[in-house]
Amino acid sequence: MKLSNIKRFWISFILAIPMLIQMLAMPFHWMMPGYNWIALITTTIIMAISALPYWKSAIAAFKKHGANMNTLVAAGTSVAYFYSIFAMLTGRPVYFESAAFVTIFVLLGDAMEEKMHNNASNALGKLMSLQAKDAEVMRDGKFVKVPLDQVKVGDLIRVKPGEKIPVDGVITDGTSTLDESMVTGESMPVVKQVGDTVVGSTINSNGTITFKATKVGSDTMLAQIVDLVKKAQTSHAPIQNLTDKISNIFVPAVLIIAILTFVIWYAFLNATPVEAMLFAVSVVVIACPCALGLATPTALMVGTARSAKMGVLIKNGEVLQEVSKIDTVVFDKTGTITVGKPEVTDVVGDKQTVLTVAASLEEASEHPLATAIMKKAQDLKLAPSKIKNFAAIEGKGVRATYEGQTAFVGSDKLLTDIQIDDDLANKATALQNEAKTVVYVGLGEQIIGLIAIQDVPKKSSKQAISELKSRVLKTVVLTGDNEKVAQAIAQEVGIDQVIAGVLPTEKAEQIKNLQEQGRTVAFVGDGINDAPALSTADVGIAMGSGTDIAIDSGGIVLVQNDLRGVVRALDISKKTFNRIKLNLFWALIYNTIGIPIAAGLFMGMGLTLSPELAGLAMAFSSVSVVTSSLLLNKTKIAGDTSKA
């Protein structure tokens, strides 16, 4: 049975109690009866239980012609242990306690890290355990309770006040407020009505609702959040490679310093072999860069768990490092800066004909503008006609045969292929000046009408942009919409630069252009057409309300459909990475200061370190790094309403 580091630590500590008593009694010249044999037996067990894994790791590294952090632990404990056996057999003083307590103190740092891992895993486990155990599902015309694992996509589910939402879905009947804090970190209840999405494990507050299940089991948002956080916590930041390189140079250098320490004390400073050995062992032990190994993973673990509580999912450690360099944030417009639910405000031309033609061509489209046109047609009780030869014109719109004629619906890019009279052109310009998107409807060889659609900015957009600019970040809007509409939206929310009229395939090229100008770019988007840009940017930030392909392409996912999440994402990422750098600094400082003290350079000032005290100091460095990482939970993040 494999023991955890925590159990190994406590077993070893209990076994070492006789040696601890003897160490405390030494100033009083009291010797425990049979102490050498007690120390040999207990230390041997400690070596077998706790030190052996370090020795195995060191031997494995040696076989590959390398050295790692465990090389120093193995070297220090094995020298002290085997010398003590030799000393016991030849009637000399023994130093079993050095081998035992060095092992125990090294293990203390490992146990602290393991405990933090366990706490993080338990927190995620508790989150998963919060989901409902059953659901009230429509079966044969009536609602019956079934176990959660029997719920299928497409099932109709009823949830009463105070009950948990069992799976993800879309409301088909009823209105209520939901507490979504456990998933999004947002403390305020959210009003939900027909057509709105609900998230599994959130709590229905005050109304009975019926919804259609869209995601069940491992596909639910909660399950995906837990999976993303787990992967992020076990990932590596590129800075970890620096840690590994330092260890590869540092460990052999320390072994050389330890050998030189022994030679200098024994050959030139008239120390006994035992005294010289103890100085050498102290150097090896104090230099053990265990804290160096803890610096990155502990901060990564705490930072990603904290961000998840805020509704910000960081996929891996590499993202954290890239975020620290970001100087430009580029936004998609529709559904990212704006609400994403545009409405028809004006129809120019014969309203019935224009809307019927447009609705007929847009019926199969899921584009937000198409949805707005269909809604307007339905409100006016206009039924779409059957069409033939439907085709999409990339970046321009759609084309089909409508009642024997070729019909077009799309953007002003259609005007290169189809005629428009001056009166309609002037009206289009006037509508665009009002920050409205104009859709052109053509029949035969000319434009027969215009449909003006407006999508207002989200309430959070202006504040989010302001906070980003206060952090000296350049903001850009990148959209396929026309220049005037994009400029109006940008001016309203305070964005610095507008890149408009961009085809979906050109978005990634625009990101590359900014990168070629020396910019480090984060791109924020939510649609299928945003996926290439999300992948091309140095950091892709996907809105959680977006499409699956956009979410898969982003390195950071915002659970809430709120741009202030971008600020939180950048803040927690930068602070986590800065904490990693701080941890690395302290880990190296401990070693740098500790080695000359352990080598006896300050002995004349009365400043020395025995191997066991060196082990304690080394363990303290590990504990301090873990504590430093845990303090990320207390760091202030703008707009964070979650409980740290």
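These are worked exercises on a predicted model of a protein chain.

**Exercise 1. Overall content**

Task: State how many helices and strands the protein chain has, and what share of its residues is buried.

Solution. Start with the secondary structure: the chain comes to 22 helices and 22 strands. Next, take burial. Of the 644 residues, 51% are buried. Then turn to contacts with a separation of 6 or more. Residues 24 or more positions apart account for 69% of them.

**Exercise 2. Two helices at the start of the numbering**

Task: Classify the crossing of helix H1 and helix H2, and list the residues that make the contact.

Solution. Locate the helices first. H1 spans residues 5-15 and H2 spans residues 17-25. Their axes come within 4 Å and cross at roughly 45°. Angles under 35 degrees count as roughly parallel, and 65 to 115 as roughly perpendicular. The crossing therefore makes H1 oblique to H2. Now list the contact. H1 supplies Phe13, Ile14 and Leu15, while H2 supplies Ile17, Pro18 and Met19. Finally, sort these residues by type: six are nonpolar, none is polar and none is charged.

**Exercise 3. The six-stranded sheet**

Task: Give the strand order of the six-stranded sheet, find its edges, and describe the hairpin of E1 and E2.

Solution. Write the order: E2-E1-E3-E9-E4-E7. The sheet is open and its pairing is antiparallel. Read off the ends. Strand E2 (142-147) and strand E7 (197-198) each have a single partner strand, so one side of each lacks a neighbour in the sheet.

Now follow E2 to its partner. E1 covers residues 134-139 and is joined to E2 by six bridges. These two strands run antiparallel. Check the register at two positions. Asp134 stands opposite Pro147 in E2, and Arg139 has Lys142 as its bridge partner. Last, inspect the turn. Two residues lie between the strands of this hairpin. Asp140, in the turn, has a positive phi of about 55°.

**Exercise 4. The seven-stranded sheet**

Task: Set out the order and pairing of the seven-stranded sheet, then examine E21 and E22.

Solution. The order is E10-E22-E21-E20-E11-E18-E19. This sheet is also open, with mixed pairing. Its edge strands are E10 (312-314) and E19 (497-499), each pairing on one side only. Neighbouring strands are turned by 20° against each other on average, direction ignored. Take one pair in detail. Strand E21 (residues 539-543) and strand E22 (residues 556-558) run parallel, joined by three bridges. Within this pair, Ala542 stands opposite Val557 in E22. H18 packs on the sheet and touches E11, E18, E19 and E20. The direction of H18 makes about 155° with that of E20.

**Exercise 5. The buried face of H18**

Task: Why do the buried residues of H18 line one face of the helix, and what covers them?

Solution. Name the residues first. In H18 (residues 507-516), Lys507, Ala508, Ile511 and Leu514 are buried. Look down the helix axis. The buried residues fall within an arc of 115°, so they line one face of H18. Now identify the cover. It includes strand E11 (328-331), strand E18 (474-478), strand E20 (521-525) and helix H19 (531-536). Finish just past the helix: Gly518 follows H18 and has a positive phi, near 95°.

Technical notes:
Residues are numbered from 1 along each chain as its sequence is written. This is a predicted model: local features need pLDDT of at least 70, side-chain atom pairs count only at pLDDT 80 or more; totals for chains, interfaces and linings use all residues. Side-chain values use heavy atoms; hydrogens and water are left out. Axes are lines fitted to C-alpha atoms, for helices over the stretch in contact, and angles run from 0 to 180 degrees between N-to-C directions. Angles under 35 degrees count as roughly parallel, over 145 as roughly antiparallel, 65 to 115 as roughly perpendicular and the rest as oblique. Contact means heavy atoms within 4.5 Å. Ala, Val, Leu, Ile, Met, Phe, Trp, Tyr, Cys and Pro count as nonpolar, Asp, Glu, Lys and Arg as charged, and the others, Gly among them, as polar. Two strands pair if DSSP finds at least two bridges between them. Buried means under 20% relative accessible area, exposed over 50%, partly exposed in between (1.4 Å probe, protein chains only). The arc is that of the directions from the helix axis to the C-beta atoms.
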